[in-house]
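Reader: I'm new to this one. Could you show me the structure and walk me through it?

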Amino acid sequence: MNRELVKDIVLSLVIILSQLMIFNHLYLFGTVNTFIYISLFILYKTTYDKTYLILFGFLVGLIIDLSLQTYGTHTLASITVCYLRERIEKYSFGVNSVLPLAMIRGTRITNRLTYFYLIIFLHLLIYFSLTFFKFEFILTIFLYTLINSIVNFIIIWIVSKLIFDK
Amino acid sequence: MQSIINSIIKNRNLIIYIFLSFISFNYLYNNSSVHYSGLGKVGTFISGSTSNIFAYINSYFSLRQENNKLIAENLELKKIESQFINKSDTRDISESEIDKTISAKVILNSINKSKNIIVINKGKLSGITSEMGVISSKVVVGIIKNLTDNYSSIVSLLNTDLKINAVLKNSSTIGSISWNGLDPRIVQLNDIPLSSSIKVGDTIETGGMSFYFPKGIPIGIIEDYNNTSLEGYYSIDVSIFIDFSSLSNLYVIERTDNDEIKSLLNE
């Protein structure tokens with residue numbers, strides 16, 4: 001097991017634990033949930049296997065669901081985002097998406113912003129759709145998704161900067 | 001086999017995703033009452049829709065069977081109807097009695113000649129004899145002319161040679177129906193004296209005074225009439241109840257009293 005992989009596992013554990021212990025209990029402005037664990041799916045290295053990402057998403061989602069008693073909504077949102085990440089990468093980075101490690105550094109900021117926001121937005125859209133699960137709440141779902149995605153995007157952007165600037 | 005394995009390996013992400021989604025949905029379905037009822041509704045909708053589609057396709061393929069069943073049922077109903085008419089008609093019991101009803105399918109039909117003939121898929125072997133009447137559900141079609149073992153030809157109502165005894169339903173005035181060979185939707189009612197009162201829309205039915213048809217089988221309604229004839233009779237156009245170009249199932253009927261009347265006439 002190489003050093004980089006150990007470092008990534010430790011980092012993942014830290015993020016999951018901080019989600020469970022801090023961010024699960026944090027409600028900004030009374031309605032905004034902070035789901036910092038989405039950053040794990042964003043920052044998962046392109047050199048690692050895509051199949052493991054889906055399994056990883058399932059595991060992380062399940063842990064969050066068990067802790068929040070949300071019965072699979074986080075799991076479904078996580079595995080969907082993990083499954084679609086490759087396409088989102090291609091959409092956001094274009095040709096650069098095939099270059100390993102080219103994602104975060106050395107790419108244009110607009111590409112990175114699109115990539116981050118798309119994953120967060122998609123994850124939250126699925127999460128809130130499953131939470132409300134009624135067609136008459138469609139406007140509420142979009143409103144919640146929009147507000148939550150903006151706030152979560154800012155938090156995750158800051159966290160990723162902290163991690164990578166180190 | 002190798003290609004199947006290759007295809008599974010190639011699509012492993014999708015397979016894993018579907019599998020894990022299924023587990024997650026199952027988890028959601030079993031633990032949350034909101035999702036339980038929501039997914040239950042979706043399940044009911046899907047199963048209802050697919051069953052509907054399947055039933056629709058299935059019904060299309062069994063149309064022929066259904067059709068035969070309906071014809072048989074129709075035949076039974078006709079027998080019951082004739083029995084009922086016999087019981088209720090106290091004026092002349094034998095007049096409306098139908099002895100035999102044989103269903104048949106049209107295999108040849110024409111409406112664009114002056115002497116139109118219809119051919120059906122039943123003949124001598126089915127018990128059909130010459131000069132039996134032919135009706136379509138409730139309307140007069142024609143009379144059996146020639147027969148082979150399995151086929152019969154019918155002189156259609158749209159044949160200038162045919163004359164059928166008819167009666168005005170309202171006034172019981174007797175006349176005869178024939179066709180002038182022009183419009184296949186219109187036949188002519190003759191021999192109605194100018195002294196009778198008629199109006200457009202009056203129903204014309206068989207009079208029962210022939211060997212072919214019992215009394216009361218509908219033919220059509222009066223569409224137009226002319227009372228300027230010097231011969232003392234109306235010239236009446238009758239619109240036929242059915243479209244002769246779309247005939248498919250016919251019933252060959254025979255009156256029970258035919259033999260008796262014929263033997264009486266021969267004496």
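Reader: Which residues in H2(B) are buried?

Author: First, this is a predicted model, where local features need pLDDT of at least 70, side-chain atom pairs count only at pLDDT 80 or more, and totals for chains, interfaces and linings use all residues. Residues are numbered from 1 along each chain as its sequence is written, with chains lettered from A and ligands numbered from 1 in the order written. Buried means 20 or more other C-beta atoms (placed from the backbone) within 10 Å of a residue's own, exposed means 12 or fewer, and partly exposed is in between. In H2(B), that picks out B:Tyr17, B:Leu20, B:Ser24 and B:Leu28.

Reader: Why do they sit on the same side of H2(B)?

Author: Take the directions from the helix axis to the C-beta atoms; the arc is theirs. The buried residues are on the same side of H2(B) because they cover an arc of only 85°.

Reader: And which residues are exposed on the other side of H2(B)?

Author: Go round to the other side of that helix, residues 12–31 of chain B. There you'll find B:Phe22, B:Asn26 and B:Asn30.

Reader: In what order do the six strands of chain B close into a barrel?

Author: Strands here are DSSP E runs of at least two residues, helices H or I runs of at least four, both numbered from the N terminus. Two strands pair if DSSP finds at least two bridges between them; S8 and S11 of chain B, for example, are joined by four. The pairing in the barrel is antiparallel, and the order is S6-S7-S8-S11-S10-S9.

Note on methods: Expected span 1.5 Å × (residues − 1).
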